[in-house]
Amino acid sequence: MKFFVDSAEIDAIAELNETGMVDGVTTNPSLILKSGRDILEVTKEICDLVEGPVSAEVVATEADAMITEGRKLAKIANNIAVKVPLTWAGLKACKTLTDEGQMVNVTLCFSVNQALLAAKAGATFISPFIGRLDDINLDGMDLIADIRNVYDNYGFETEILAASIRSVNHIADSARIGADVITAPPSVLKKLADHPLTDKGLEAFLSDWAKTGQQIL
């Protein structure tokens, strides 16, 4: 499974990238707002920092304008994935940009039918939003499983990018189901390493080591 960082904060991305845990980055208008940076400037910095796909989202709502914005974003770097919403206009933009050889991430997916359309439009990634479905008392993981099943039935190459990740359980469940990618905030990715028994074991080892009176350095 690939790990994407859902952030536009350079320092947070760089810290995780040093561990080899970053396969890509996703951004959106809300994350750009939070960063307080110019979209073109901060996206270029992220693209220079990581080797994998960096999703940069269009803000237009009409297909022709999405295509124009997508082409401009694509000029930032070779690893840009243009992010478009799952609307008919977004699907049209996806098809055009994909035909031009551009990676496209179709976002705001909440149903299998939508995911099927994105795959047929040639999307590189489909981004189902797990947490937002959970928020309205639906099981977001059911959607990931259903998309996996449908894509496998027909051999679609579109990668399932599990998004709106709220917990480490979302990540583990996505991995069990077979999502190709997850994107999560840095804070959630860091929690993957946490376990109380690890902390307890380390504390015991350090206590015993101190009693030996030895030093390695």
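**Close-up views of the predicted model**

**View A. F156 is partly exposed, with a relative accessible area of 23%.** The coordinates shown in this and every other view come from a predicted model. The structure contains four aromatic pairs. One of them joins Y151 to F156 in an edge-to-face arrangement, with 5.6 Å between ring centres and 70 degrees between the planes. Y154 also pairs with F156: the ring centres are 6.1 Å apart and the planes meet at 45 degrees, so this pair is tilted. Both angles can be read against the cut-offs, because planes over 60 degrees apart count as edge-to-face, those under 30 degrees count as stacked, and the rest count as tilted. Through these ring pairs, Y151, Y154 and F156 are joined into a cluster. Its members span the accessibility classes: Y151 is buried at 1% relative accessibility, F156 is partly exposed at 23%, and Y154 is exposed at 61%.

**View B. R148 and D152 form a salt bridge within helix α8.** The closest N and O atoms of the two side chains are 3.2 Å apart. Both residues belong to helix α8 (residues 140-154), where a spacing of four residues corresponds to about one turn of the helix. The two partners fall into opposite accessibility classes: R148 counts as buried, with 13% relative accessibility, whereas D152 is exposed, with a relative accessible area of 51%. The assignment of D152 rests on a narrow reading of the cut-off, because exposed means over 50% relative accessible area.

**View C. A salt bridge between E15 and K190 links distant parts of the chain.** This contact belongs to a structure with 11 salt bridges. The closest N and O atoms of E15 and K190 lie 3.0 Å apart. E15 is placed in helix α1 (residues 10-17) and K190 in helix α10 (residues 186-191), with their positions 175 residues apart in the sequence. Both side chains are partly exposed: the relative accessible area is 42% for E15 and 41% for K190.

**View D. R71 and E100 meet in a salt bridge.** The N to O distance is 2.5 Å. This pair, too, links distant parts of the chain, with R71 in helix α4 (residues 63-74) and E100 in the loop between α5 (88-99) and β5, 29 residues apart. R71 is partly exposed, at 39% relative accessible area, and E100 is likewise partly exposed, at 45%. Elsewhere in the model, R37, E41 and E45 are linked in a network of salt bridges.

**View E. The largest pocket has a volume of about 500 Å³.** Its lining is made up of 25 residues, of which D6, N28, L31, R132 and S164 are the closest to the pocket centre. Among the secondary-structure elements, α2 (29-35) and β5 (103-109) each contribute at least two residues to the lining. S164 is situated in the loop between β7 (159-162) and α9 (168-177). This residue is buried, with 14% relative accessible area, and its phi is near 55 degrees, a positive value in a residue other than glycine.

**View F. N137 has a positive phi, near 65 degrees, although it is not a glycine.** As background to this backbone setting, most residues other than glycine have a negative phi. N137 occupies the loop between α7 (130-135) and α8. With 75% relative accessibility, N137 counts as exposed.

**View G. W209, I216 and L217 make up a nonpolar patch on the surface.** Together, the three residues present about 440 Å² of accessible area. I216 lies in the segment after α11 (196-212). At 76% relative accessibility, I216 is exposed.

**View H. V42 is a buried residue of helix α3.** The helix covers residues 39-49. V42 has a relative accessible area of 0%. I10 and V42 are 32 residues apart in sequence, and their C-alpha atoms are 7.8 Å apart in space.

Note on methods: Residues numbered from 1 in each chain as written. Predicted model: local features only at pLDDT ≥ 70, side-chain atom pairs only at ≥ 80, totals over all residues. Heavy atoms only, no water. Phe/Tyr/Trp six-rings, centres within 6.5 Å; stacked < 30°, edge-to-face > 60°. Buried < 20%, exposed > 50% of the residue type's maximum accessible area, 1.4 Å probe, protein only. Patch = residues over 30% accessible without salt bridge, like charges linked within 9 Å, V, L, I, M, F, W, Y side chains within 5 Å. Areas by Shrake-Rupley, 256 points an atom, 1.4 Å probe, with all protein chains shown as cover. Salt bridge = Lys/Arg side-chain N within 4 Å of Asp/Glu carboxyl O. 1 Å grid on protein atoms, 1.4 Å probe; cavity = no way out; pocket = protein on both sides within 12 Å on 5 of 7 lines; lining within 4 Å. Points joined across faces, edges and corners; volume = space filled by probe spheres on them.
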